[in-house]
Amino acid sequence: MAFNATPYVIAFHDEIPNLTTWNCLLRQGPNNKFVYDVQMYKAGPRLIPRCGQIRIWTAKLDGIYFARQLDTPSVLALYWIEK
């Protein structure tokens, strides 16, 4: 995604018995100097799907921010790793 791009929404459901996992490789800086491989979602170890949950990940210059609700401000969760 480009800087200030429209947020990207991924809608999915958990697969049972296979546990759903989503990873994203985030990069930023000149020549993608900074990187982080983030596990965005992992299903819990139960057979009941977690429906309707929201995860908000925001990549900024100082790090990667996270929130679980649309009306809650994101907090700094991860710092960039220099490759």
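**View 1. Asp14 in the segment before S1.** Asp14 of this predicted model is placed in the segment that precedes strand S1. With a relative accessible area of 13%, Asp14 falls below the 20% limit and is therefore buried. Its C-alpha atom lies 30 Å from that of Ile81, and the two residues are 67 apart in sequence. Asp14 is also one of the residues touched by Thr20.

**View 2. Thr20 and its contacts.** Thr20, like Asp14, belongs to the segment before S1. A relative accessible area of 12% makes Thr20 buried. When residues up to four places away in sequence are not counted, Thr20 touches Phe12, His13, Asp14 and Glu15, and also Tyr41, Lys42 and Ala43. Of these, Tyr41 is in strand S2, where it stands opposite Trp22.

**View 3. The open sheet S1-S2-S6.** Three strands, in the order S1-S2-S6, make an open sheet with antiparallel pairing. Strand S1 (21–28) and strand S6 (81–82) are at the edges; each has a single partner strand, so one side of each is left without a neighbour in the sheet. S1 and strand S2 (residues 34–42) run antiparallel and are joined by eight bridges. Within this pair, Trp22 has Tyr41 of S2 opposite. In general, strands of a sheet pair through backbone hydrogen bonds, in a parallel or antiparallel manner.

**View 4. Gln39 in strand S2.** Gln39 is part of strand S2. Its relative accessibility of 43% lies between the limits of 20% and 50%, so Gln39 counts as partly exposed. Leaving aside neighbours within four places in sequence, the contacts of Gln39 are Thr21, Trp22, Asn23 and Trp57. The C-alpha atoms of Gln39 and Trp22 are 5.9 Å apart, with a separation of 17 residues along the chain. Another of the contacts, Trp57, has a bridge partner in S4.

**View 5. The hairpin of S3 and S4.** Strand S3 (residues 56–60) and strand S4 (residues 63–67) run antiparallel and are joined by five bridges. The two strands form a hairpin, with two residues between them. Trp57 has Phe66 in S4 as its bridge partner. Trp57 is also in contact with Gln39, a residue of strand S2.

**View 6. The largest nonpolar core.** Six residues make up the largest nonpolar core: Leu26, Val38, Met40, Ile64, Leu78 and Trp80. Not counting residues up to four places away in sequence, Leu26 touches Val38, Met40, Ile64 and Trp80 of this core. Leu26 also touches Phe34, Val35 and Tyr36. In soluble globular proteins, nonpolar side chains tend to be buried together.

**View 7. The whole chain, for orientation.** The secondary structure of the protein chain consists of six strands and zero helices, and the elements run β-β-β-β-β-β from the N terminus. Along the principal axes, the C-alpha atoms fill a box of roughly 45 × 30 × 20 Å. Of the 83 residues, 20% are buried. Among contacts with a separation of 6 or more, 28% involve residues 24 or more positions apart. The chain exposes about 6,700 Å², of which carbon and sulfur atoms supply 57%. There are 9 positive and 6 negative side chains, and the centres of the two sets lie 2 Å apart.

Note on methods: Residues are numbered from 1 along each chain as its sequence is written. This is a predicted model: local features need pLDDT of at least 70, side-chain atom pairs count only at pLDDT 80 or more; totals for chains, interfaces and linings use all residues. Side-chain values use heavy atoms; hydrogens and water are left out. Helices (H or I, at least four residues) and strands (E, at least two) are DSSP runs, numbered from the N terminus. Buried means under 20% relative accessible area, exposed over 50%, partly exposed in between (1.4 Å probe, protein chains only). Contact means heavy atoms within 4.5 Å. Accessible areas come from the Shrake-Rupley method with a 1.4 Å probe; for residues, only the protein chains shown count as cover. Lys and Arg count as positive and Asp and Glu as negative; His and the chain ends are not counted. The place of a charge is taken as NZ of Lys, CZ of Arg, CG of Asp or CD of Glu. Two strands pair if DSSP finds at least two bridges between them. A nonpolar core is a set of buried Ala, Val, Leu, Ile, Met, Phe, Trp, Tyr and Cys residues joined through side-chain atoms within 4.5 Å.
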